[in-house]
Amino acid sequence: MARARSQGGPGTPATVALTVAGIPFTPRAYAHDAAVTAYGLEAAAALGVEPERVFKTLLAEADGRLVVGVVPVSSLLDLKALAGVVGAKRAVMAAPEVAERKTGYVVGGISPIGQKTALPTVIDETALLWETVLVSGGRRGFDLELAPADLLRATGGLLGDIAR
């Protein structure tokens with residue numbers, strides 16, 4: 001894995017954050033089809049990776065504060081479980097425009113790494129089943145491959161059983 005951006009993809013706040021932190025990653029670019037809205041499943045297919053190994057980044061409001069849930073693209077975010085992990089009574093999905101404004105990324109390209117506003121992050125525990133996982137690199141058509149422990153370190157995240 002590379003310690004710095006390689007020719008495999010664009011420089012983004014996520015790649016900069018990983019490089020500055022000295023966290024190894026592999027950029028994985030692919031041709032995004034603008035007609036596709038299932039971004040994570042598109043990434044898995046384009047990169048030839050199991051959907052359970054590609055993780056999507058979702059924002060939720062838990063008792064009025066924003067939190068990030070990172071789950072496999074083959075799963076749904078369990079909002080009740082996410083709320084429990086962050087000590088909230090309930091959680092609802094954040095509006096897309098709120099997610100974009102707070103993270104600095106566009107929907108379909110929201111990375112859990114290098115967000116404009118640091119938010120509490122919970123990564124589904126199934127990430128530990130894999131030697132490496134893929135998350136958005138900060139643009140549609142661009143993922144980052146890294147070890148689950150490095151994803152936790154890069155996000156300051158917690159593990160939780162938040163996928164269903």
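This is a short tour of one sheet, a group of paired strands and a pocket, with a suggestion at each stop for what to select. Keep in mind that the model is predicted.

**Stop 1: the open sheet**

Start by selecting β1 (26-29), β7 (142-146) and β6 (133-139). These three strands make an open sheet, and going across it you meet them in the order β1-β7-β6, paired antiparallel. Which strands stand at the edges? They are β1 and β6: each has a single partner strand, so one side of each is left without a neighbour in the sheet. Turn the view a little and look at the twist: on average, neighbouring strands here are turned by 35° against each other, direction ignored.

Now add helix α1, residues 13-21. Helix α1 packs on this sheet, where it touches β6 and β7, and its direction makes about 25° with that of β7.

Zoom in on β1 and β7 next. Four bridges link this antiparallel pair. To find one of the paired positions, select Ala29 and look across to Phe142, its bridge partner in β7.

**Stop 2: β2 and its partners**

Move on to β2 (55-62) and colour β3, residues 65-72, beside it. The two run antiparallel and are joined by eight bridges. They form a hairpin with two residues between them. Click on Asp63 in the turn, which has a positive phi of about 50°.

Then select β4, residues 91-93, which pairs with β2 in the antiparallel sense over three bridges. Ala62 is a good residue to pause on here: its bridge partner in β3 is Arg65, and in β4 it stands opposite Ala91.

**Stop 3: the largest pocket**

Keep β2 selected, as it leads to the last stop. Which element gives the largest share of the lining of the largest pocket? That is β2, with five residues. Other elements that give two or more residues to this lining include α2 (39-47) and α4 (96-103), along with β6 and β7 from the first stop.

To centre the view, select Tyr39, Lys56, Thr57, Leu58 and Gly108, which lie nearest the pocket's centre among its 29 lining residues. The volume of this pocket is about 520 Å³. Finally, try colouring the lining by residue type: you should find 19 nonpolar residues, six polar and four charged.

How values were computed
Residues numbered from 1 in each chain as written. Predicted model: local features only at pLDDT ≥ 70, side-chain atom pairs only at ≥ 80, totals over all residues. Heavy atoms only, no water. 1 Å grid on protein atoms, 1.4 Å probe; cavity = no way out; pocket = protein on both sides within 12 Å on 5 of 7 lines; lining within 4 Å. Points joined across faces, edges and corners; volume = space filled by probe spheres on them. Nonpolar A, V, L, I, M, F, W, Y, C, P; charged D, E, K, R; others polar. Pairing = 2+ DSSP bridges. Axes fitted to C-alpha atoms, helices over the stretch in contact; angles between N-to-C directions. Contact = heavy atoms within 4.5 Å.
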